[in-house]
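Please open the structure in your viewer and keep the sequence panel beside it, since each stop on this tour begins with a selection. The stops follow one another, and each says what to look for once the selection is made.

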Amino acid sequence: MKVVSIVLILLGLTHAVESQGQVYLKSEYISSSSFKDEENMKTGGSGDMFKVNGGFSLPLSFKEDENNRLTMWALSLDAVYAKYNNKHIPTFMHPDNIINTTLSISYIRPIGRKWSMLAVLGGGVYSNPSRIKAKSILGSGGIVFIYHLLDNLDAGIGVGISNSYGVPLGMPMAYLNWRIDGKYEVKVEMLEAAEVSAAVAFNDWFKLRLIGFEVDGMSAVMEVDGKSKIFGSVSMKSGLQADFRISKSSSIQLTGGGLWYRNACVINRSIKDYFKWFAREFDPSFQPSMYFQLGYKWGF
């Protein structure tokens, strides 16, 4: 899970590089489960979560070359609010609520017949909404070089920079996007999060998707005993999603399934403590639970 956490920290700004604009709104509930500490022992604590998030991506300019490769500037905004109903878990180990907002601008362009470059820069507020300070503003950015293996398969590698741990920290970034479209769909992507899924379209208005693997997360800057710390939580889940298209450009998604992993790490905002974190065998985490999600998307 350490690697997954790093990926989410560095890829949180890497929005989908599509020429179509999109607006989305989602709400999610994760049922209550027991909490274990960093020794992997139950503490008697438990908690559930309710989350609402929304945002948009807006192409500012784009064009395609003779190889159908995009040159594009795009602006995106994402906002997430999570409310945690924790019992017998102190707030210095897990905040009661979190807000994450990210405004980012991205630029993609071909740099050859088979290569493209993607650069992203952005920042936002990551905090308990009642305790927002200057330190709550985090910035990050990155550059990825993408190789177009096939018409529907892209892979890339690059570097990302984030000030989540105080001074800017650079780490490797990975990029993967593979899609099969039609009546039967397959999607494997590592962009703003990670997802592996397959779907079947029964008609133009109804699609059933099996989400085999999906990872996302949240973070917040905290102050504990006068020290600046960073809280991070990564969730790993799978489920079944019913997608109802209500017009040519909008759809509603109903999803339910199992959440297999949800950790809750609090680390000092220093490079030294960041690497000390890797020496721990276990992270404080919740036991598996159920999740339910309602979403809406509108493309333009």
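Which strand should be selected to see a run that is largely enclosed by the rest of the structure? In this predicted model, the choice is strand β13, residues 250-263, where 10 of the 14 residues are buried, so that the strand is largely enclosed by the rest of the structure.

**Stop 1: β13 and its partners**

Keep β13 selected and add strand β12, residues 227-245, which runs antiparallel to β13 and is joined to it by 11 bridges. A hairpin of four residues leads from β12 to β13, and beside this turn you can pick out Arg245, whose bridge partner in β13 is Ser251. Next add strand β16, residues 289-299, which pairs with β13 in the antiparallel sense over 10 bridges; to check the register here, select Thr255 together with its bridge partner in β16, Gln293. Finally add strand β15, residues 285-286, which is antiparallel to β13 and joined to it by two bridges, with Ser285 of β15 standing opposite Asn263. As you step along any of these strands, it helps to remember that in a regular strand the side chains alternate between the two faces of the sheet.

**Stop 2: Ser250**

Now narrow the selection to Ser250, which is placed in β13. Is this residue buried or exposed? Ser250 has a relative accessible area of 6%, and because the cut-off for buried is under 20%, Ser250 counts as buried. Show its side chain and that of Ser247, and you will find a polar contact between the two at 2.6 Å. When residues up to four places away in sequence are set aside, Ser250 touches Arg245, Tyr296, Lys297 and Trp298. A C-alpha distance is also worth drawing here, from Ser250 to Gly299: the two are 49 residues apart in sequence and 6.3 Å apart in space.

**Stop 3: Ser33**

Move to strand β1, residues 22-36, and select Ser33 within it. Ser33 counts as buried too, at 8% relative accessibility. Which backbone oxygen lies 2.8 Å from a polar atom of its side chain? The oxygen belongs to Gln287, and Gln287 also appears among the contacts of Ser33 beyond its neighbours within four places in sequence, which are Gly45, Ser46, Gly47, Phe286, Gln287, Pro288 and Ser289.

**Stop 4: the nonpolar cores**

Select Tyr84, Ile98 and Met218, which have the most contacts inside the largest nonpolar core, a set of 18 residues. Strands β1, β3 (70-87) and β11 (206-224) each supply at least two residues of this core, and β11 gives the most, with five residues. Centre the view on Ile98 and, leaving out residues up to four places away in sequence, colour what it touches: Val80, Tyr81, Ala82, Tyr84, Ser127, Pro129, Met218, Ser219, Ala220 and Phe231. Apart from this core lies another, of 11 residues, among them Leu169, Met171, Cys265 and Ile267. Such groupings fit a general tendency: in soluble globular proteins, nonpolar side chains tend to be buried together.

**Stop 5: two backbone angles**

Most residues other than glycine have a negative phi. Select Asn40, in the loop between β1 and β2 (42-64), where phi is near 65°, a positive value in a residue other than glycine; at 31% relative accessibility, Asn40 counts as partly exposed. Then select His88, in the loop between β3 and β4 (97-110), which has a positive phi of about 60° although it is not a glycine. His88 is exposed, with a relative accessible area of 69%.

**Last stop: the whole chain**

Clear the selection and zoom out to the full chain, whose secondary structure comes to two helices and 16 strands. The C-alpha atoms fill a box of roughly 60 × 40 × 35 Å along the principal axes, and the radius of gyration is 19 Å, which agrees with the value near 19 Å for a compact globule of 300 residues. Of the 300 residues, 48% count as buried, while the accessible surface comes to about 14,900 Å², of which 62% belongs to carbon and sulfur atoms. Of the contacts in the chain with a separation of 6 or more, 59% are between residues 24 or more positions apart.

Notes:
Residues are numbered from 1 along each chain as its sequence is written. This is a predicted model: local features need pLDDT of at least 70, side-chain atom pairs count only at pLDDT 80 or more; totals for chains, interfaces and linings use all residues. Side-chain values use heavy atoms; hydrogens and water are left out. Buried means under 20% relative accessible area, exposed over 50%, partly exposed in between (1.4 Å probe, protein chains only). A polar contact is a pair of N or O atoms within 3.5 Å; within protein, one must be able to donate a hydrogen and the other to accept it, and residues adjacent in sequence count only if both atoms are side-chain atoms. Contact means heavy atoms within 4.5 Å. Two strands pair if DSSP finds at least two bridges between them. The radius of gyration is taken over C-alpha atoms; the globule rule is 2.2 Å times the number of residues to the power 0.38. Accessible areas come from the Shrake-Rupley method with a 1.4 Å probe; for residues, only the protein chains shown count as cover. A nonpolar core is a set of buried Ala, Val, Leu, Ile, Met, Phe, Trp, Tyr and Cys residues joined through side-chain atoms within 4.5 Å.
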